[in-house]
Amino acid sequence: MTRRSGGQGWNSRVVGAALAVTVLAGGVSVWTAQAGEASGTAPRASAAARDKGAEAVAKTIAHASDAGARGVNITIDDGPDPVWTPQVLAVLEEYGVKATFCMVGTQAQAHPDLVKKVVAAGHRLCDHTVSHNTAMDKRPESYQSQQILDAERMITKASGGVRPMYYRAPGGAFTPYSRTLAASRGMRPLGWNVDTKDFERPGTAAIVATVDQELPNGPTLLFHDAGGDRTQTVEALRQVLPQLKEKGYSFGFPVR
């Protein structure tokens with residue numbers, strides 16, 4: 001999700017939910033933005049976080065599509081949401097498009113049925129942290145680690161054992177540490193090229209126009225399925241997906 005100021009609204013609600021989860025658990029550009037190599041070795045995950053299924057991937061921020069030069073990646077942030085995620089899934093199914101869902105840990109934990117539906121439909125999962133704090137890059141490494149690893153566990157449990165394949169920092173607030181940690185867990189840091197600004201609800205036509213104007217910046221498109229009324233997002237996808245197909249684009253996943 002695009003970085004926002006003030007830390008209010010959706011972000012504050014998610015933070016509150018995340019704090020409640022932590023207590024119950026017992027303490028448990030943007031084409032090139034921040035895409036430089038991280039220094040040092042991979043941070044150590046806790047024993048509870050390590051597993052044999054985590055194979056390290058590249059720690060640079062991915063933007064390209066595995067569908068090639070005419071490939072487009074649809075990415076959906078901040079869910080799952082019981083109202084909007086099913087509608088987004090229905091549109092994707094209608095046009096035979098697979099997407100990457102960047103899920104907030106507390107949302108995945110609250111709606112495991114939706115996480116399983118996303119996986120069953122052939123889409124991929126992405127870790128979008130526990131609390132969606134867009135100031136992640138200003139917080140200590142211990143906080144970054146907790147946000148990434150706890151969300152990974154929440155999403156994996158909710159999915160029935162399917163691990164997220166990517167990590168997207170809220171608001172693009174990556175750090176060398178967070179990128180290296182995510183990559184060591186098999187989650188490729190994931191950026192975006194086209195910010196549709198759909199979270200601002202500028203109107204369906206404006207969202208569609210933004211995609212058309214900014215697609216030359218690169219293939220990864222950012223939409224949202226939570227955080228407010230997503231009627232415009234659903235309608236924009238209904239228009240954008242067939243238009244892109246008509247223009248000769250194909251749909252893929254971000255490279256890993």
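## A walk through the fold, starting from a buried arginine

With a relative accessibility of just 3%, Arg179 counts as buried, because buried means under 20% relative accessible area. Arg179 sits in helix H6, which spans residues 176-184. What does the side chain of Arg179 meet there? One of its polar atoms lies 2.7 Å from the backbone oxygen of Lys59. Please keep in mind, as you turn the structure around, that this is a predicted model.

Let us step back to the whole chain. It has eight helices and eight strands. Of its 256 residues, 54% count as buried, and Arg179 is one that counts as buried. The accessible surface of the chain comes to about 10,500 Å². Carbon and sulfur atoms account for 54% of that surface.

Next, the helices. How do H2 and H4 pack against each other? Helix H2 covers residues 84-94 and helix H4 covers residues 112-120; their axes are 11 Å apart, at an angle of about 10°. Angles under 35 degrees count as roughly parallel, and H2 and H4 are therefore roughly parallel to each other. On the H2 side, the contact is made by Thr85, Pro86 and Leu89, while H4 brings Leu114, Lys117 and Val118. Sorted by class, this contact has four nonpolar residues, one polar residue and one charged residue.

H4 also packs with helix H5, which runs over residues 141-159. The axes of H4 and H5 come within 7 Å and cross at roughly 75°. Since angles from 65 to 115 degrees count as roughly perpendicular, that crossing makes H4 roughly perpendicular to H5. Which residues meet at this crossing? From H4 come Pro112, Val115, Lys116 and Val119, and from H5 come Ile155, Lys157, Ala158 and Ser159. By class, the contact of H4 with H5 has five nonpolar, one polar and two charged residues.

Now on to a strand. Phe251 has its place in strand S8, residues 250-252. How far apart are Phe251 and Gly71? In sequence they are 180 residues apart, yet in space their C-alpha atoms are 5.4 Å apart. Gly71 is also where strand S1 (71-77) begins. If you set aside the neighbours of Phe251 within four places in sequence, Phe251 is in contact with Ala67, Val72, Ile74, Val97, Leu241, Leu244 and Lys245.

Following the chain from S1 towards H2, you reach a loop that holds Pro80. The peptide bond from Gly79 to Pro80 is cis, with omega near 5°. It is a good spot to check your torsion display.

A further loop, between strand S6 (194-195) and helix H7 (204-214), holds Lys197. Phi of Lys197 is near 60°, a positive value in a residue other than glycine. Arg201 lies in the loop between S6 and H7 too, and its phi is near 50°, again positive in a residue other than glycine. Are these side chains' residues buried or exposed? Lys197 is partly exposed, with a relative accessible area of 31%, and Arg201 is partly exposed as well, at 46%. Both values fall between the 20% limit for buried and the 50% limit for exposed, which is why partly exposed is the term. That brings us back to where we began: Arg179, in helix H6, counts as buried at 3%.

Note on methods:
Residues are numbered from 1 along each chain as its sequence is written. This is a predicted model: local features need pLDDT of at least 70, side-chain atom pairs count only at pLDDT 80 or more; totals for chains, interfaces and linings use all residues. Side-chain values use heavy atoms; hydrogens and water are left out. Axes are lines fitted to C-alpha atoms, for helices over the stretch in contact, and angles run from 0 to 180 degrees between N-to-C directions. Helices (H or I, at least four residues) and strands (E, at least two) are DSSP runs, numbered from the N terminus. Angles under 35 degrees count as roughly parallel, over 145 as roughly antiparallel, 65 to 115 as roughly perpendicular and the rest as oblique. Contact means heavy atoms within 4.5 Å. Ala, Val, Leu, Ile, Met, Phe, Trp, Tyr, Cys and Pro count as nonpolar, Asp, Glu, Lys and Arg as charged, and the others, Gly among them, as polar. Buried means under 20% relative accessible area, exposed over 50%, partly exposed in between (1.4 Å probe, protein chains only). A polar contact is a pair of N or O atoms within 3.5 Å; within protein, one must be able to donate a hydrogen and the other to accept it, and residues adjacent in sequence count only if both atoms are side-chain atoms. Accessible areas come from the Shrake-Rupley method with a 1.4 Å probe; for residues, only the protein chains shown count as cover.
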